[in-house]
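Reader: I am new to this structure and would like a close look at one part of it. Could you take me through a single strand and then show me what lies around it?

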Amino acid sequence: MAKLGEGDKRWIVEERADGANVHNWHWSERDCLDWSRSLLSSLLSDLQILDGEGGLYIRTKSIDKVEGEAYVNVRKGKVIPGYELSIKLAWEAEARDVPLKLSGLVEVPYLADENAGEDPELKVSVRDDDGPVARRIKDAMLAKGKPIILEKIRLYVDAMSKGGPAKDELDTKKPPSNAASKAAPAPAPAPATAPKTAAATEQKEKEKKKSKEGFKNISLTEKFYCRARDLYEILMDENRWKGFTQSNARLSREVGGQFSLFDGSITGFHEELQEGKLIVQKWRSGSWPDGLYSSVKIVFDEPEPGVTIIKLTQTDIPEEDKYGNSTVVENTERGWRELIFHKIRAVFGFGI
């Protein structure tokens, strides 16, 4: 066996200056624990189990705890997920004919990749009540809630099998769509007698801009239990970004100032800032064609103290990235929900 440093260089995988793992030729491992917490939280929180059936009202509240490990290994597009998790999910119930309100936990003691084809064990418990009504509620939670919760857990297992947070990097590359070049032939020109007015030309230009081919828009509305100024401060503070994303961030607080998020994969600059009210940005992903920016507008509304509604619109998102992947719009929307908004709720305690 060759000593360290004496091996044939043709067989050594060396570090590239740009940090690239070209074509995923050697194994790369992606930690998925935070991503798993976020996804499981979005899947399992606020599920309606019973809505008056038998006089009972049962719903899940939020994830209490996700512990263990989760990761994916990738090589040349092949995914090997690994996870061993324990999950605690809070739920609440009401029997209005008694009346009685109570709460409890659903526990998944062991969710692991080695048992991916099997449903995990679920344990249901009730807090501080062992009376007949509490036992009836517990039985109803097991009977009605178990299949709903297991269905959501299967979605997580399926997402991990497809690469988890590394899925975007594994999407099959394809050439840019040439659908536009195969579009129906252009309509015949209008008769020479048809007058071309300035108004008609202007209307045509407006319609052309409205239906910009190859781009799409998204709109999100999210609710937080905090003051608007607190949420604005989180979105404008690079140290808080580093905290809830567990990645590097640089963020100017001035109009015209630049930002770099998620280790530089998202960049842009601020166009308009109103503290606690409005953020307008030019925003792009590093995988988009060079020089292409979308527009992001985040409006903050505080209908009552301690409750903030934000409305986000992002326009001119390309349908394909520069590698030909056609999941850009879907991934952008999922990124806002799962990697930003759900993380802010979980980390800063603004409700999930």
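Author: Let's start with a pair of residues: Ile279 has Ile298 in strand E12 as its bridge partner. Please keep in mind that this is a predicted model. The pairing of strand E11 with strand E12, which spans residues 294-304, is antiparallel and runs over six bridges.

Strand E11 has another partner too. Strand E10, residues 266-274, pairs with E11 in the antiparallel sense, this time over eight bridges. One of the matched pairs there is Ile266 with Ser285 in E11. If you follow the chain from E10 to E11, you trace a hairpin with three residues between the two strands. Look for Gly276 in that turn, where phi is positive at about 70 degrees.

Is E11 enclosed or open to the outside? It is largely enclosed by the rest of the structure, because seven of the eight residues in this strand, 278-285, are buried.

Now move out to E12 and what surrounds it. Glu302 in this strand forms a salt bridge with Arg227, at 2.2 Å from N to O. Arg227 sits in the loop between strand E7 (215-224) and helix H5 (228-235), so the pair ties together parts that are 75 residues apart in sequence. Both partners are partly exposed: Arg227 has a relative accessible area of 30%, and Glu302 has 26%. Next to Arg227 in the sequence, Cys226 is buried, at 5%.

Strand E13, residues 307-318, is worth a visit as well, and Thr315 is a good place to stop in it. The C-alpha atoms of Thr315 and Val296 are 6.7 Å apart, although 19 residues separate them along the chain. Leaving out neighbours within four places in sequence, Thr315 contacts Lys216, Asn217, Ser294 and Ser295. Thr315 itself is partly exposed, with 28% relative accessibility.

Cys226 also leads us to the nonpolar cores. The largest one has 43 residues, and among them Leu44, Ile58, Leu85, Trp91, Leu111, Ile137 and Tyr156 touch the most other members. Helix H2 (132-161) is one of the elements that give two or more residues to this core, and H2 gives the most, with 11. A second, separate core of 34 residues includes Cys226, along with Trp288, Phe341 and Phe350. As general background, nonpolar side chains in soluble globular proteins tend to be buried together.

One more element to look at is helix H7, residues 328-348, where Arg334 and Glu330 lie four residues apart, about one turn of the helix. These two form a salt bridge, with their closest N and O atoms 3.3 Å apart. Arg334 is partly exposed at 25% relative accessibility, and Glu330 is partly exposed at 48%. There is also a network in which salt bridges with shared partners join Glu222, Glu333, Arg337 and Arg345.

Stepping back, the protein chain has seven helices and 13 strands. Of its 352 residues, 37% count as buried. The whole structure holds 17 salt bridges and zero disulfides. Among contacts in the chain with a separation of 6 or more, 56% are between residues 24 or more positions apart.

Definitions and conventions. Residues numbered from 1 in each chain as written. Predicted model: local features only at pLDDT ≥ 70, side-chain atom pairs only at ≥ 80, totals over all residues. Heavy atoms only, no water. Buried < 20%, exposed > 50% of the residue type's maximum accessible area, 1.4 Å probe, protein only. Pairing = 2+ DSSP bridges. Core = buried A, V, L, I, M, F, W, Y, C linked by side-chain atoms within 4.5 Å. Contact = heavy atoms within 4.5 Å. Disulfide = S-S within 2.5 Å. Salt bridge = Lys/Arg side-chain N within 4 Å of Asp/Glu carboxyl O.
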